[in-house]
Amino acid sequence: MKKDITIIGAGLVGSLLSIYLAKRGHKVSIYERREDMRNVELSAGRSINLALSDRGFLALEKVGLADDIRKICIPMHGRLIHNLHGPSAFQPYGKEGQFINSVSRATLNMKLMDLAEQKGVKIFFNQKCNEIDWNTNTITFELENKDTNPIQFELLFGSDGAFAASRLQHQLQHPKFDYNQYYIDCGYKELTIPPTASGEFAMEVNALHIWPRKDYMLIALPNLDKTFTCTLFFPFEGELSFEKINTEEKVKHFFAENFPDAVPLMPDYVNEFFTNPTSSLVTVKCFPWIRDDKFALIGDAAHAIVPFFGQGMNCGFEDCRILDELIDENGDDWEIILEKYQWLRKPDGDAIADLAINNFIEMRDKTADPKFLLQKKIEARLHEKFPYQWIPAYSQVTFSPQIRYSEALKRGQKQEAIMQEVMNIPGIEVVWDTEEIERIIMNKAIKI
Ligand SMILES: Cc1cc2nc3c(=O)[nH]c(=O)nc-3n(C[C@H](O)[C@H](O)[C@H](O)COP(=O)(O)OP(=O)(O)OC[C@H]3O[C@@H](n4cnc5c(N)ncnc54)[C@H](O)[C@@H]3O)c2cc1C
């Protein structure tokens with residue numbers, strides 16, 4: 001039976017979800033708080049590009065969009081580590097031929113909206129969800145002129161992001177809604193590396209650049225216009241923090257000391273530092289995600305995570321794919337579909353939230369540590385030799401969409417425990433690539 005489906009939020013996940021549902025013949029309408037981004041100049045300084053990886057691509061592939069989206073991506077084959085002392089080092093992601101993709105958030109979002117409209121989805125802009133009455137199934141939107149627009153819904157999805165109004169309305173009228181929100185002590189600010197005078201990329205294009213400096217880090221992802229978007233992840237408070245580095249002189253001094261090779265590539269970084277916003281990073285875990293057969297949270301609205309595994313959008317896209325598989329299995333029974341959806345996806349949302357926090361520490365503290373790099377080298381070697389028995393945690397999450405996030409978290413923790421033992425073997429720096437070490441690890445791995 002075809003449904004009248006309402007989606008709140010035309011972000012990345014709401015737009016993709018609408019395509020999945022419209023393809024099944026449902027009548028789909030999206031209500032979006034902002035104006036149509038296809039008609040406005042984009043504001044600088046807010047999460048300009050994202051890493052799209054295999055989970056996201058699998059979800060796009062299922063609705064025939066992967067080829068379209070591939071055209072607007074730049075492959076990144078590994079991390080390029082900019083050490084403070086000594087030369088830069090390239091660390092490949094996964095195995096030969098595996099890579100993640102840099103994509104512009106706005107271009108991807110606009111493309112998904114175009115494709116949704118081509119499938120018959122109606123998108124209404126400047127409609128801010130303010131209130132939901134669960135007894136009468138009425139949702140009220142506020143318009144630009146502050147008028148209200150109440151509409152009836154049959155089946156509703158809340159894809160209105162990390163600070164979702166739909167989630168709040170669900171929570172306020174629920175007898176036992178669990179809610180956990182956690183801010184890390186780091187914020188972020190975006191800066192730009194323009195093309196060189198001859199119009200070329202100023203650094204290696206097919207890499208994710210990282211300047212790891214323990215308590216903070218700078219990263220850079222390439223854009224199709226030959227710029228790089230850099231993101232400085234930096235404490236809000238403390239001796240070196242957004243609070244304390246607050247004059248032009250201090251900013252220049254801090255950058256010269258910490259990112260000396262990046263400074264000549266960023267002619268406008270001081271101005272950008274003071275004019276671009278400083279944003280916070282939040283993790284949200286909540287439950288339940290659904291109401292009977294009539295409402296579900298999806299994407300960041302259900303599980304906001306910090307960006308250090310590059311998985312927030314990928315996870316939201318995977319939500320859409322899994323929901324679609326459940327529709328295949330359960331036909332029109334939306335009560336069962338939504339129930340199964342939340343029981344399947346909640347552990348995975350929680351797991352990727354934890355993995356993302358762990359990766360924050362890994363990227364910031366460890367990517368420059370020789371012992372950590374040796375561990376990664378041992379794991380990469382094992383993965384080459386035993387591709388199914390030993391999959392590094394990063395590869396499970398990024399390149400193995402058949403492995404659930406919750407499974408990747410569990411297996412990753414067990415593998416990490418094995419590796420910690422192995423890294424304590426005296427002289428591991430010398431014997432790391434011997435058959436003896438391989439045997440020790442794989443004997444333990446069999447028991448996982
Ligand atoms: C700095 C940073 C870097 C990131 N990097 C990556 C990455 O590399 N890879 C990755 O996979 N993920 C990344 N993410 C996460 C990714 O941005 C999110 O997971 C993704 O945007 C979630 O999509 P969404 O559609 O659920 O939410 P959003 O993209 O937030 O979209 C929500 C939409 O709902 C609308 N809306 C909000 N409130 C209302 C309302 N009351 N009424 C109507 N509409 C409303 C908003 O205007 C918006 O259009 C990053 C996030 C950040 C902050």
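**View 1. The ligand and the residues around it.** In this predicted model, the ligand is surrounded by 31 residues, and the closest of them are Gly9, Gly11, Gly161, Gly299 and Gly312. Sort that shell by class and you get 13 nonpolar, 12 polar and 6 charged residues. Four elements each supply at least two residues of the shell: α1 (12-23), β3 (49-52), β9 (128-133) and α8 (312-330). Helix α8 gives the most, with 4 residues.

**View 2. Helix α2 and what its buried side packs against.** Here we look at α2, which covers residues 54-62. Its buried residues are Asp54, Arg55, Gly56, Phe57, Ala59 and Leu60. They pack against quite a list of partners: α1, β3, α3 (66-70), α8 and α11 (393-399). After the helix comes Gly64, with a positive phi near 75°.

**View 3. Two domains and where they touch.** Now for the division of the protein. Domain 1 is put together from three stretches, 4-40, 105-181 and 283-360, while domain 2 runs over 369-446. Going by C-alpha atoms, the centres of the two domains sit 36 Å apart. Where they meet, 8 residues of domain 1 are in contact with 6 residues of domain 2. On the domain 1 side of that meeting place, the residues divide into 5 nonpolar, 1 polar and 2 charged.

**View 4. The largest nonpolar core.** This core has 106 residues, and Leu16, Leu17, Ala296 and Ile352 have the most contacts inside it. Helix α9 (residues 334-366) brings the largest share, 9 residues. Both domain 1 and domain 2 give residues to the core, so it lies between them. Take Leu17 as a place to zoom in: leaving out residues up to four places away in sequence, Leu17 touches Ile7, Phe157, Ser159, Ile298 and Cys320. Another core, of 5 residues, lies apart from the big one; among its members are Ile378, Leu382, Trp390 and Ile391.

**View 5. Ala356 in helix α9.** Ala356 has its place in helix α9. Is this residue buried or exposed? Ala356 is buried, because 23 other C-beta atoms lie within 10 Å and 20 or more is enough to count as buried. Setting aside neighbours within four places in sequence, its contacts are Ile305, Val306, Phe308, Phe309 and Gln311. For a sense of scale, Glu239 is 117 residues away along the chain, and the C-alpha atoms of Ala356 and Glu239 are separated by 26 Å.

**View 6. A cis peptide bond at Pro288.** Zoom in on the bond from Phe287 to Pro288 and you'll find that it is cis, with omega near 0°. Pro288 itself lies in the loop between β17 (279-287) and β18 (290-291).

**View 7. Two loop residues with positive phi.** Lys146 isn't a glycine, yet its phi is positive, about 75°. You'll find Lys146 in the loop between β10 (138-142) and β11 (148-152). Lys146 is exposed, with 6 other C-beta atoms within 10 Å. Asp292 is another residue other than glycine with a positive phi, in this case near 45°. Asp292 belongs to the loop between β18 and β19 (295-297). Asp292 counts as exposed because it has 10 C-beta neighbours inside 10 Å, and 12 or fewer makes a residue exposed.

Terms used
Residues numbered from 1 in each chain as written. Predicted model: local features only at pLDDT ≥ 70, side-chain atom pairs only at ≥ 80, totals over all residues. Domains from an automatic or database assignment. Contact = placed C-beta atoms within 7 Å. Nonpolar A, V, L, I, M, F, W, Y, C, P; charged D, E, K, R; others polar. Near = placed C-beta within 6 Å. Core = buried A, V, L, I, M, F, W, Y, C linked by C-beta atoms within 7 Å.
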